[in-house]
Amino acid sequence: MKVPRQPSVGLFLPPVLISFVVLVLGTIVLLSGTGPQQQSLEPYHIIAINLSNFGHDLVPSPTKSSPKPEKTGGLFDSIVDDAKGLGQDISDNISDGIDTITDGLADKVTEKLGISEWFSLHITNTCEGMFAPNASSADAWYNITHCTPQQTRLRLDLGEILQQEINTGPLKLNLDKIPIPASVQDAIDIINDALFTLLVVYALGSTLAGLSFISSLATLILLRKKLSMFVVWVNSAVAGLGAVILLIGAGILTYLNDRGVKQINDSGKDVGISGIRGSKLITLSWISFILMLITSLYWGLATLKRVQRWIIIDSSPLRGEKTLPY
């Protein structure tokens, strides 16, 4: 009697590996800004608020005095004419030097005010710090100086935090001299109000990704030789529900960034406040959704008759075993 051919282990590996990757990505979305990897995961924020140009009008800066014209006698007329070309070259070099000096100007102003150059919102906490090497550098990165503890009902009040930091700074100024537009805080509040929803969504999405991983792994190890249509449908349903949840989360993150950053930029441009999109987190969220969808569709393929020739499917939904002919 011919022994039925069993399905290859490789057929069951993709959903195991993919769902595990989604579990890792979902954990990063939830825990970015916390733990020992908070510095490396800081770019994965929901949104960041750039204050590197804030408060320049509050800090007096040295002014340059205009150079006095020099009188030249007739003997020096030809020398002055010949020196014009050289003077232009010198002027260009001076301009380049000034550009280099102003690269660090924003850092000096925020340092005098005693405030951080950026604040970022994560799902369960906020972080702040300075841009390194400086705010004007093309390859500046987020250097964290402080992160709040994890909270389930997180809110960022930018005006309150700035006033506290200015009060403890060297100048001890009153923020009323350069008030933050209410619409800037309104934009931040839009994100504040959605943080708990995002926490629930990604906690649920990560849980379903974990269940999909466990279910797929159990199918690979325990049920590979007794695969029933019921198991196939369960795996597909768990992954499909996870994909729907992650789609909702990705949509919320994209909406918050589009609306929040635009409103912060429009309202805060006059006081030197701007928003920075959480592009890396958005990308991560959409990748998680796509991978979870692939997992669900992969299991769904087992319901197609053309695919069933490579796997063993029960003829009954819960028990019995049947090997399909090759």
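**A tour from helix pair to sheet**

Start by selecting helix 1 (residues 13-31) and helix 7 (residues 279-300): their axes come within 9 Å and cross at roughly 155°. Keep in mind that you're looking at a predicted model. Angles over 145 degrees count as roughly antiparallel, and helix 1 and helix 7 are therefore roughly antiparallel to each other. Their crossing is left-handed. Turn on side chains to see who makes the contact: from helix 1 the residues include Pro14, Pro15, Ile18 and Val22, while helix 7 brings, among them, Leu284, Leu291, Tyr298 and Trp299.

Next stop, the sheet. Five strands make an open, antiparallel sheet, in the order 4-3-2-1-5. Pick out strand 4 (141-147) and strand 5 (274-277): these are the edges, each with a single partner strand, so one side of each has no neighbour in the sheet. On average, neighbouring strands here are turned by 30° against each other, direction ignored.

Now zoom in on strand 2 (residues 118-121) and strand 3 (residues 126-132), which pair in the antiparallel sense over four bridges. Click on Trp118 and look across to strand 3: its bridge partner there is Gly129.

What lies across strand 1 (47-50) and strand 2? That's helix 5 (residues 182-221), running at about 35° to strand 2. Add helix 6 (residues 229-268), which also packs on the sheet, touching strand 1 and strand 5, with its direction at about 155° to that of strand 5.

Last, go back to helix 5 and centre on Leu195, where the helix bends by about 35°. Then check its ends: at 1.5 Å a residue, its 40 residues should span 58 Å, and the end C-alpha atoms are indeed 58 Å apart.

Notes. Residues numbered from 1 in each chain as written. Predicted model: local features only at pLDDT ≥ 70, side-chain atom pairs only at ≥ 80, totals over all residues. Heavy atoms only, no water. Pairing = 2+ DSSP bridges. Helix = DSSP H or I, 4+ residues; strand = E, 2+ residues; numbered from the N terminus. Axes fitted to C-alpha atoms, helices over the stretch in contact; angles between N-to-C directions. Contact = heavy atoms within 4.5 Å. Expected span 1.5 Å × (residues − 1). Bend = angle between axes of the 7 residues up to and from the residue. Parallel < 35°, antiparallel > 145°, perpendicular 65-115°, else oblique. Left-handed = near helix turned anticlockwise from the far one by under 90°.
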